[in-house]
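Here is a short report on how two chains are arranged and how one helix is packed. Look at the structure first, then read on.

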Amino acid sequence: MKHFLDLADFSREELLSLLELARRLEKQPEPRALAGKILGLLFFNPSLRTLASFQAAMARLGGNSFVINPGHGSWVLETRRGAVMDGAAAEHVREAIPALASYCDALGIRVFAEGRDLASDLAETAFNAMAELTEKPLINLESALNHPCQALADWKTMDDLAVPRAGRFVLSWAWHPRALPLAVPAAAVHMAALRGMEVIVLRPEGFALPEPVMERARRAAAHSGGTLRETSDRDEALAGADILYVKEWGATACYGDTAADAKLRSTLAGWCVRNDWFARTKAECRVMHCLPVRRNTAIADEVLDGARSVVQREAANRLTVQTAVLHQLLKS
Amino acid sequence: MKHFLDLADFSREELLSLLELARRLEKQPEPRALAGKILGLLFFNPSLRTLASFQAAMARLGGNSFVINPGHGSWVLETRRGAVMDGAAAEHVREAIPALASYCDALGIRVFAEGRDLASDLAETAFNAMAELTEKPLINLESALNHPCQALADWKTMDDLAVPRAGRFVLSWAWHPRALPLAVPAAAVHMAALRGMEVIVLRPEGFALPEPVMERARRAAAHSGGTLRETSDRDEALAGADILYVKEWGATACYGDTAADAKLRSTLAGWCVRNDWFARTKAECRVMHCLPVRRNTAIADEVLDGARSVVQREAANRLTVQTAVLHQLLKS
Amino acid sequence: MKHFLDLADFSREELLSLLELARRLEKQPEPRALAGKILGLLFFNPSLRTLASFQAAMARLGGNSFVINPGHGSWVLETRRGAVMDGAAAEHVREAIPALASYCDALGIRVFAEGRDLASDLAETAFNAMAELTEKPLINLESALNHPCQALADWKTMDDLAVPRAGRFVLSWAWHPRALPLAVPAAAVHMAALRGMEVIVLRPEGFALPEPVMERARRAAAHSGGTLRETSDRDEALAGADILYVKEWGATACYGDTAADAKLRSTLAGWCVRNDWFARTKAECRVMHCLPVRRNTAIADEVLDGARSVVQREAANRLTVQTAVLHQLLKS
């Protein structure tokens with residue numbers, strides 16, 4: 001494995017083998033596997049799980065890490081090619097990335113969507129502007145439209161819980177005070193399709209996932225024997241569901257238009273997941289969420305504190321799958 | 001030892017044994033005792049000594065650590081139960097604490113008093129809302145009304161300096177531009193009482209320590225052969241003192257009322273410790289302070305730069321006692 | 001080696017030997033040389049390379065480090081002697097430095113020039129106020145008028161590239177939206193003079209380096225067989241140059257006067273290094289810059305992305321020379 005940027009870069013078999021390695025390292029830790037190795041972590045956006053679990057994963061394998069937060073103790077960084085830098089940014093990623101890469105054995109980068117131009121975000125403009133600047137093993141810590149570490153942790157979580165491969169996986173939109181990026185919904189539907197599930201995207205009008213995201217998941221489904229469709233009919237979508245995967249995201253019908261997005265979501269506060277959402281699901285239907293989640297706006301306390309919620313297992317699996325990823329990338 | 005939350009959770013003998021371990025590890029370091037172990041450090045408030053010394057202590061024992069600062073590179077966290085999260089907080093501690101705990105072998109948490117409602121702060125509402133969320137060994141890095149790491153370091157400092165067990169320990173209020181929490185004064189009087197000292201709380205009218213804090217220290221004194229009283233008479237309090245322990249805190253007569261507190265303290269700028277405070281103390285009377293301290297408002301340069309000041313030894317002892325705490329919590 | 005504060009503290013031979021050690025450790029790493037050792041890093045100002053490369057250097061040698069950023073998760077620190085601390089600073093360096101020093105085996109400090117009073121900055125008032133407070137090995141991570149780690153990395157970079165010892169080294173001023181400190185230009189001319197080069201300072205009127213900086217470099221040149229002069233004639237300076245070392249700095253003719261500085265630089269936007277600057281240099285003339293650099297204001301894309309630029313090698317050499325410095329300071 002040279003990089004870990006996108007689950008789509010790997011065959012289904014390679015991913016199953018990575019999940020197998022994660023399970024093996026849970027049982028048989030290798031505390032010196034990465035002795036002397038260094039992971040650089042570059043965060044353009046806030047983090048809790050990714051920040052802590054990557055440092056922990058390196059430590060569990062005997063390695064080290066450092067963290068850079070542009071604008072917080074480190075220089076504000078410019079990502080645009082050709083910029084005349086007379087503004088806030090003191091440094092360009094064209095200098096910063098090679099420098100950081102020279103200090104470490106692998107580099108992780110988090111850069112969220114700008115949320116202004118959908119085509120630019122779909123093209124992963126900011127992430128790719130950095131990825132091309134180093135030959136070192138690179139890890140996507142969440143980019144505009146992807147979050148492969150979360151997706152792999154979610155896959156393992158469903159395996160841990162023996163969720164049927166062909167089970168019904170409902171990705172549901174939920175309410176949030178403002179537009180959030182599409183990275184997790186895009187990664188989640190792709191992962192579930194790749195796992196071979198019956199994937200349904202449940203979202204209000206105006207919040208359909210972009211066609212390239214759907215098309216990509218459709219191809220994964222075709223390859224793995226899964227299916228993919230979308231709806232705004234909650235009752236129909238949730239009937240017989242094995243998994244309700246909840247996520248907040250911005251209106252795609254007016255991407256980048258904050259006022260239009262706010263107006264669209266102003267009537268949707270009812271999209272807060274409560275116990276009554278599970279009237280028609282399978283009895284054992286689980287609730288998943290990548291976290292962070294806002295309680296009682298996206299998901300009610302009664303659900304998060306109930307037996308259906310497996311969000312803690314998802315969070316814990318971030319460490320286990322990332323340990324496997326680092327082992328594959330860096331073990332000599 | 002399962003947790004390190006409060007000196008009151010331990011018998012006097014257990015604490016003496018912990019101090020003995022601290023001294024032993026000073027002389028005979030164990031550089032691999034915690035190899036492979038990880039300490040998570042969660043800071044809701046600023047830190048210098050705690051932040052540096054816990055990382056150093058883990059490193060001295062061969063372990064690792066990671067640091068999370070909500071709101072600074074990590075999500076703003078909500079602590080209140082049942083909150084409808086449509087404000088600044090992106091995540092609730094009910095998700096964040098179990099996630100962080102799953103990445104480490106022990107977790108340290110710092111969360112200062114809110115300073116609005118005394119009953120809520122006395123009940124350690126915020127800290128306890130987090131403590132109940134994990135089974136992992138937990139360390140109090142300073143909560144609303146406690147700072148056990150500081151208290152233990154102060155105890156060791158007095159032992160190092162051969163301060164008599166039954167010596168006179170005067171906790172004196174000092175001036176500060178605004179109200180500060182009660183954690184250190186509460187922990188200091190309890191510790192000194194537990195050590196068996198003659199404890200006197202010297203404070204202006206309006207700044208009496210809350211009765212539950214006094215009662216708790218009184219019980220510790222009764223158990224250890226010490227005594228506890230309070231006064232606003234500086235000359236009387238300091239006569240024959242072995243230790244002058246200086247600390248700034250907010251008015252308890254108008255807790256949470258910023259304007260009333262400011263008015264009360266506006267006439268108290270004379271409570272800045274100067275050399276003339278030591279006219280009637282024992283000749284060798286020492287000055288202690290947990291730090292950070294504001295020079296020439298709480299304590300004058302002439303005192304901090306003089307021979308009486310042992311604040312550096314207190315700071316250095318943070319590392320030594322915390323090394324012992326971590327050894328007890330995490331050594332297999 | 002007791003401290004690493006200034007290249008002027010060492011003989012030319014000692015520096016050559018340090019560079020030799022850096023080359024040896026590149027080829028033959030010593031992954032356990034500093035096992036159990038701790039480096040404290042105190043940053044009053046932003047950093048990317050220094051922050052990452054010092055942590056990486058300690059990790060490469062088997063040691064550990066911690067980072068403190070006053071005002072960002074840690075207390076705002078006062079550096080002035082005798083201050084009555086009723087403002088933003090919660091702690092004085094007279095307490096903070098000894099405390100941090102007691103937690104580590106060596107301490108690195110970054111504190112930029114205040115930029116108000118040239119005499120005070122030339123006297124390294126802030127850095128020296130801290131340096132005198134500890135006996136622990138101390139590293140200058142960039143002070144008001146010095147940056148020895150950068151200077152040593154630059155020296156090694158020229159050695160790596162076989163730049164002739166007696167080659168022409170042109171330090172050129174470049175445009176920046178506001179006044180920047182003199183640390184790097186001062187360190188660069190001193191280093192190049194010490195290496196024995198023909199050093200020319202090329203700068204607009206009003207931006208001459210302070211006489212003490214020039215005098216110090218002149219002495220180094222005299223000792224090493226180099227020369228030093230200054231000019232504002234670009235064509236003359238660059239004729240036959242081996243190295244164009246680019247740096248932005250504030251007007252010294254009106255040091256600390258922001259408005260006068262802004263007026264002076266308002267006509268100097270042409271001081272952006274472009275390919276046409278190399279018409280009369282040696283064919284193989286290299287461009288150096290300490291980074292961070294603003295693209296298309298100080299140096300154009302065409303230069304930074306071209307073959308002349310060795311800024312990445314300079315950045316990478318930060319790690320290699322600092323590994324040698326730490327090895328010398330801390331290896332038992």
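## Symmetry, contact and one helix

In this predicted model, chain A superposes on chain B after a rotation of 120°, with 0.0 Å of shift along the axis and an RMSD of 0.0 Å. The two copies are therefore related as by a three-fold rotation axis. In chain A, H72(A) has the C-alpha nearest that axis, at 4.4 Å.

Now the contact. Chain A brings 28 residues to it and chain B brings 26 residues. On the side of chain A that touches chain B, α2 (49-60) and α12 (311-330) of chain A each supply at least two residues. α2(A) gives the most, with seven residues. The make-up of that side of chain A is tabulated here.

| Class on the side of chain A that touches chain B | Residues |
|---|---|
| Nonpolar | 16 residues |
| Polar | eight residues |
| Charged | four residues |

Only 4% of the interface residues of chain A are also interface residues in chain B, so the copies meet through different surfaces.

Next, one helix. α8 of chain A covers residues 211-224 and has 14 residues. From first C-alpha to last, α8(A) reaches 20 Å, close to the 20 Å expected at 1.5 Å a residue.

Which residues of α8(A) are buried? They are V213(A), M214(A), R216(A), A217(A), A220(A) and A221(A). These cover an arc of only 165° around the axis, which puts them on the same side of α8(A). E211(A), E215(A) and A222(A) are exposed on the other side. The cover over the buried residues of α8(A) includes α7 (183-195), β8 (198-202) and β9 (227-231) of chain A. Just after α8(A), G225(A) takes a positive phi of about 85°.

Note on methods
Residues are numbered from 1 along each chain as its sequence is written. Chains are lettered from A and ligands numbered from 1 in the order in which they are written. This is a predicted model: local features need pLDDT of at least 70, side-chain atom pairs count only at pLDDT 80 or more; totals for chains, interfaces and linings use all residues. Copies are superposed by least squares on the C-alpha atoms of residues with pLDDT of at least 70 in both. Two residues are in contact if their C-beta atoms, placed from the backbone, lie within 7 Å. Helices (H or I, at least four residues) and strands (E, at least two) are DSSP runs, numbered from the N terminus. Ala, Val, Leu, Ile, Met, Phe, Trp, Tyr, Cys and Pro count as nonpolar, Asp, Glu, Lys and Arg as charged, and the others, Gly among them, as polar. The expected span of a helix is 1.5 Å times one less than its number of residues. A residue is buried if 20 or more other C-beta atoms lie within 10 Å of its own, exposed if 12 or fewer, and partly exposed in between; C-beta atoms are placed from the backbone. The arc is that of the directions from the helix axis to the C-beta atoms.
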